[in-house]
Amino acid sequence: MKQTIRSKKILFLYTELSGYIINSFENAFSSGFDVHVINYPTNKEAPFKFTKNKNIYYYRRDQFKSSYDLSIFIKDLNPGAIFISGWIDKDYLNALQNLSIKANKILMLDNPWEGTLFQNLWAFYFRTFHKELFDFIWVPGKTQIKYAKKLGFKKEDIFEGLYTCNNKIFNIKNTLSLPSKSKVLLFVGRYSEEKGIKELWQNFVSINSTLGSKWQLWCVGTGNLWDNRVLDKNIKHLGFIQQEKIIEIISKSNIFVLPSKYEPWGVILHEMVSVGKPVLVSDNVGSSSCFTKNGVNGFIFSHKKENDFKIKLKKIMELSEDDLEKMGKESVNLSKSISIDSWIQTLNKMYD
C-alpha cells in the first residue's frame, strides 16, 4: 500500500491544547495536511486527557530553550504555513522574526477589542514591530474583528471561524431528548470569579426556593473556588469530567448556563447548542454573538444591569417544556454557522 504524499505541511506554535483544537488538527490531517504542533503542558484546572493521533507530530514547548532553537527547527521542517497562538510566547515571535524560509504566517487571536489603554498601546507596538511578520489573522468571530483591524490587518486578510466544536461528540444524534421528570440547569467551566459561578449559585438558591425547589443545578469543573462552593441539597458539584463522558451529563440536563464575566469566545457554548440545549449566557461570552439569539434559543443578560442575571434566570426556569424544546431546536440551527468543514476551507485559503 502506497503512503499518501502530503505536500501541505503546516506548523502550529500553540499554547495549551484542548479537545476541540485536537479534533481540528485531526481533520486537517484527514484533509491531506502534514500537521506539526508545538504545545504547552496541560492546565491543572482543566486536566484533559487526549488520545493523540500518531500521524500528527506533537512537540513539547520545553524542548526548545530559545527562539534560536525554534527557528532552526522551523527552518529544517520547512512548512508552507505557520500558525502562532497569540503573542504570549515571545520566543515564538522572535523565531518568526529571524526566519529565512518562505511560508505564510498566520496570527491566531481570540481576544475581543475592549479599547483599554493597554490594548491601544499594544496595538500601536504590534503594528510597528510585528505586523510585517504576518500575512493573515484568524479569529473566532465578529467580536475579535475590530481588534484585528486595530492591529493593522486589512479586511481581506482577516478570517473568522478559528474555533469549532467536535461534532463527533457534540451533535443532536448523540444526546437524548429533554428529560420530562427532571429539571436540571447545567454549568460547565472553571470554578473561578471570572466565570460568574458565585452569582449563579446565589441566584439559583434564591429563585429555586420560590419555585418549590423543582430544579437542580449541576456544576462540572474545578478551580480555586472549589473549597468555597455553595453546599445546597439542589446543587451537585460533579468535579472535572473528561470530554468523552460529559455527553452523559448533558443528556440529562434541560438548560445550559454560562454566566462568565470574561469569556473571549467560549467553545462550550457551541458544543451545547450543537446538542440542542436552550441557553442562558452573559453578554461577556464572545460566542454568544454567533450562537445565541435573545428570546429565540435562550436569553442573554448583562452583569452591568442590576438583577438582570437573576431576572433572566428566573424567566428561563419558568418556561414550559414545549418552549424549552423549541429553543433547543433553534440552538441546533444556530450551531451550524461554524463547522469543521468551514474550518478546513479557511485553512486551505490561508495556506494557498
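In the predicted model, Ser213 is partly exposed, its relative accessible area being 34%. This value places Ser213 in the intermediate class because it lies between the limits of 20% for buried and 50% for exposed residues. Ser213 belongs to the loop that links α6 and β9. Its phi angle is near 50°, a positive value in a residue other than glycine.

A positive phi also occurs at Asn78, a residue other than glycine, where the angle is near 55°. Asn78 lies in the loop between α2 (67-77) and β4 (81-85). With a relative accessibility of 44%, Asn78 is likewise counted as partly exposed.

The two elements that flank Ser213, α6 and β9, also take part in a packing arrangement around a sheet. This open sheet consists of 6 strands with parallel pairing, arranged in the order β10-β9-β8-β11-β12-β13. Its edges are formed by β10 (235-239) and β13 (298-301), each of which pairs on one side only. On average, neighbouring strands of the sheet are turned by 20° against each other, direction ignored. Helix α6 (residues 197-210) packs on the sheet and touches β8, β9 (216-220), β10 and β11. The direction of α6 makes about 165° with that of β9.

Within the sheet, strand β8 (residues 184-188) runs parallel to strand β11 (residues 255-258), and 2 bridges join the pair. Leu186 stands opposite Phe256 in β11. Both β8 and β11 are among the strands touched by α6.

Technical notes: Residues numbered from 1 in each chain as written. Predicted model: local features only at pLDDT ≥ 70, side-chain atom pairs only at ≥ 80, totals over all residues. Heavy atoms only, no water. Pairing = 2+ DSSP bridges. Helix = DSSP H or I, 4+ residues; strand = E, 2+ residues; numbered from the N terminus. Axes fitted to C-alpha atoms, helices over the stretch in contact; angles between N-to-C directions. Contact = heavy atoms within 4.5 Å. Buried < 20%, exposed > 50% of the residue type's maximum accessible area, 1.4 Å probe, protein only.
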